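This report describes one molecular structure for a reader who has not met it before. The sequence and the model are shown first, and the description follows.

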Amino acid sequence: MKKILLTLLIAVTIVGCATRKPAPISDGKKAQVEEKSIGSDSSGTGGVNAGAGGQDGAGANVDAGAGADGIRGSTAGAGGAGVDGNNGSGGDASSAGAGGAVTPGANATGMLAQRSIYFDYDSFSVKDEYKPVLQAHAKFLVENSASKIYLQGHTDERGSREYNLALGQKRADAVRRIMSVLGVKENQIESVSYGEEKPKNAGHDESAYGQNRRADIIYQGE
Amino acid sequence: MKQLKYVVILWGLFIGLSARAELTIEISVQGAKQIPVAILPFAGQTPSQQNLSKIIGADLARTGLFKLVDPAGLQPDLKQPQHVAFAEWRGRGAEAMVIGTLETGATGKLQVRFHLLDVAKQAQLISLDYSIVPAQLRPTAHKIADVIYEKLLGEPGAFNTKITYVVKQATSFLLKVADADGYNEQTVLASTEPVISPSWSPDGSKIAYVSFEQKKPIVMVQSLATGARSVIAAFKGNNSAPAWSPDGNKLAVTLTKDGGSQLYLMNADGSDAPTRISSSAGIDTEPAFSPDGKYIVFTSDRGGSPQVYRASASGGDVQRMTYSGTYNVSPRYSPDGKNLIYIQRNGAQYRVVMQELDSGQIQVLTDTALDESPSFAPNGRTILYATNVKGRGMLATVSHDGRIKQRLTTQVGDIREPAWGPLLK
């Protein structure tokens with residue numbers, strides 16, 4: 001019979017795992033989805049089965065948004081692509097991804113190891129301090145034109161989820177524009193947003209929010 | 001100001017489940033008049049059947065507008081209005097009372113009859129009969145509560161309705177549908193990727209929502225009767241914020257296929273290409289139709305901060321609706337079309353506010369701090385929203401005048417993205 005109350009007996013562990021690395025968003029694993037009818041089923045909560053099986057890594061940490069309002073746009077100017085040192089070239093730091101495309105690899109060091117660009121509250125302006133990071137990734141992508149990235153925009157948890165989704169998109173697009181200026185071809189970049197749905201830090205304070213307002217660079221096949 | 005505060009704990013005792021299910025509804029009422037009503041156990045109710053009188057009583061009590069008068073010991077087994085000792089019930093403080101019968105017919109059908117009586121006038125206000133199958137007991141109890149509510153208060157109830165919401169449980173996102181009293185919870189979708197923005201079709205048969213199962217937001221529509229799903233919008237970029245037109249034929253959505261987040265109109269069955277109805281350099285999202293279908297309200301940052309705007313349903317004649325504060329989002333029309341509710345930020349507080357369209361007057365309805373996703377009950381009396389207390393997502397309701405507040409909490413769990421469904425037939 002159906003009298004299941006709004007209740008969850010199951011311990012909920014909220015996201016978490018700040019140490020897990022975001023996995024590629026197209027790693028071939030499918031999200032696991034199970035739909036149900038509620039016609040005349042009498043089994044209450046029904047088999048929930050959200051097995052962890054298909055749980056793609058993207059789950060790990062993404063997201064955090066800013067309740068952001070306002071947002072002043074800007075595309076931090078990108079000075080020439082003169083990458084400053086740091087294992088820029090695909091050479092030793094890179095590895096072949098699943099699809100054959102070269103990626104910096106999980107063991108990348110230096111600027112190529114940095115995969116997150118952080119934003120201020122209410123802002124999608126890319127700060128100057130991230131220019132070297134973007135220049136390094138742009139150089140890698142220019143030298144490896146078969147390589148592709150996803151730019152995932154994220155916000156902290158405050159405010160509207162839908163507005164945060166749009167704000168995360170603005171952050172991803174701001175990074176995409178800089179990469180374009182630096183010579184990366186449009187077909188090497190796809191910007192998407194997770195809004196506040198995938199926080200890097202599951203906490204609820206300013207320091208967590210700061211880690212969650214970000215754009216992640218995800219190499220396809222890495 | 002009288003502040004009445006009590007906690008109703010509903011135990012899932014009669015369920016027969018080994019695990020104990022529990023929903024705690026905490027109600028806080030400020031300054032509202034409460035009608036004392038006695039709801040007697042229905043004659044013929046057996047312990048194995050669901051308790052009609054308790055379901056009705058719980059519905060009425062949850063509104064904060066009624067006070068239940070304990071009928072114990074006074075005229076048990078009362079079946080007929082003509083046998084009511086009105087003076088005694090008056091002595092107990094009841095202004096209204098409900099008596100009824102429940103009989104099992106030869107075909108297995110249940111015959112339910114109730115009488116609503118005015119104790120002071122010693123008169124019957126209404127009496128109705130229902131012939132139902134056992135599975136309809138709870139919905140029938142809610143219908144009876146709706147009749148009582150309307151007779152005593154002069155406005156429609158919203159007990160025979162459902163709500164939807166999303167539960168985050170470990171790594172799973174569960175889209176749930178439950179009766180408005182929290183019972184009969186069912187999982188309609190279980191996904192390892194986020195699900196947001198569920199939206200009821202006007203007839204209550206389908207839910208549109210945003211799923212990240214393809215590693216980016218896409219809009220889907222799912223039939224509740226069959227569980228069948230269809231992809232409505234999966235264009236390049238983000239696809240989100242589905243909102244049904246009042247006739248159920250169209251969906252307004254937010255797409256980024258042409259650049260930034262903009263509003264589009266599409267057929268609700270996904271046929272035909274989307275028609276763009278907004279054109280700003282910034283974000284336009286969270287569309288919601290007016291009840292008459294003539295307007296769409298939405299959130300836009302075109303003026304430098306997110307504010308609520310209104311356009312005609314085809315996107316023309318855009319007007320800014322909010323000027324107070326730098327963050328006003330998630331607008332929804334009241335069912336009578338006279339008010340807007342939305343989330344307003346004030347400092348670190350994100351709260352549900354109501355704005356009267358004619359006067360522009362704004363009232364902050366809630367005292368919680370991180371409110372999201374407000375939606376009206378179909379009678380316009382109550383607003384359901386999500387909030388966050390100590391890092392845990394929970395649902396809450398507030399009456400349209402801000403006086404009556406409820407928090408729906410669970411022992412464990414993170415609940416978000418609620419939407420109140422239409423009145424069921």
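B:Asp272 counts as exposed because 9 C-beta neighbours lie inside 10 Å. By definition, a residue is buried if 20 or more other C-beta atoms lie within 10 Å of its own, exposed if 12 or fewer, and partly exposed in between, with C-beta atoms placed from the backbone. The location of B:Asp272 is the loop between β17 (262-267) and β18 of chain B. Helices (H or I, at least four residues) and strands (E, at least two) are DSSP runs, numbered from the N terminus.

This is a predicted model, in which local features need pLDDT of at least 70 and side-chain atom pairs count only at pLDDT 80 or more, while totals for chains, interfaces and linings use all residues. Residues are numbered from 1 along each chain as its sequence is written, and chains are lettered from A and ligands numbered from 1 in the order in which they are written.

**Backbone angles**

Most residues other than glycine have a negative phi. B:Asp272 has a positive phi, near 75°. Phi is also positive in B:Glu417, near 55°. B:Glu417 belongs to strand β31 (residues 414-420) of chain B and is buried, since 27 other C-beta atoms lie within 10 Å. The table lists residues with a positive phi and their places.

| Residue | Phi | Place |
|---|---|---|
| B:Gly108 | near 90° | hairpin of β5(B) and β6(B), with five residues between the strands |
| B:Gln122 | near 55° | hairpin of β6(B) and β7(B), with four residues between the strands |
| A:Gly183 | about 105° | just after α3(A) |

**Chain B as a whole**

Chain B contains three helices and 31 strands. Its radius of gyration is 23 Å, close to the 22 Å that the globule rule gives for 425 residues, so chain B is as compact as a globular protein of that length. The radius is taken over C-alpha atoms, and the rule is 2.2 Å times the number of residues to the power 0.38. The C-alpha trace of chain B spans about 70 × 50 × 40 Å along its principal axes. Of the 425 residues in chain B, 52% are buried. Among contacts in chain B with a separation of 6 or more, 43% are between residues 24 or more positions apart. Two residues are in contact if their C-beta atoms, placed from the backbone, lie within 7 Å.

**Sheets and hairpins of chain B**

Strands of a sheet pair through backbone hydrogen bonds, either parallel or antiparallel. Two strands are taken to pair if DSSP finds at least two bridges between them.

One open sheet has four strands in the order β15-β16-β17-β18 of chain B, with antiparallel pairing. β15 (239-244) and β18 (275-276) of chain B each have a single partner strand, so one side of each is left without a neighbour in the sheet. Four bridges link β15(B) to strand β16 (residues 250-255) of chain B in the antiparallel sense. In this pair, B:Asn239 is opposite B:Leu255 of β16(B).

Another open sheet of four strands has the order β23-β24-β25-β26 in chain B, and its pairing is antiparallel. Its edge strands, β23 (328-333) and β26 (362-364) of chain B, each pair on one side only. From one strand to the next the twist averages 25°. Axes are lines fitted to C-alpha atoms, for helices over the stretch in contact, and angles run from 0 to 180 degrees between N-to-C directions. Strand β24 (residues 339-346) and strand β25 (residues 349-356) of chain B are antiparallel and share eight bridges. B:Gln344 lies opposite B:Arg351 in β25(B).

B:Gln361 sits in the loop between β25 and β26 of chain B. It counts as exposed because it has 10 C-beta neighbours inside 10 Å. Beyond its neighbours within four places in sequence, B:Gln361 is in contact with B:Gln355 and B:Glu356. Its C-alpha atom is separated by 9.6 Å from that of B:Asn339, 22 residues apart along the chain.

Strand β5 (residues 96-104) and strand β6 (residues 110-118) of chain B run antiparallel and are joined by nine bridges. B:Thr104 is opposite B:Leu110 in β6(B). β6(B) also pairs with strand β7 (residues 123-132) of chain B, antiparallel and over nine bridges. There, B:Val112 has B:Tyr130 of β7(B) as its bridge partner.

**A helix of chain A**

Helix α3 (residues 161-181) of chain A has 21 residues and reaches 30 Å from its first C-alpha to its last, close to the 30 Å expected at 1.5 Å a residue. The expected span is 1.5 Å times one less than the number of residues. α3(A) is mostly covered, with 18 of its 21 residues buried.
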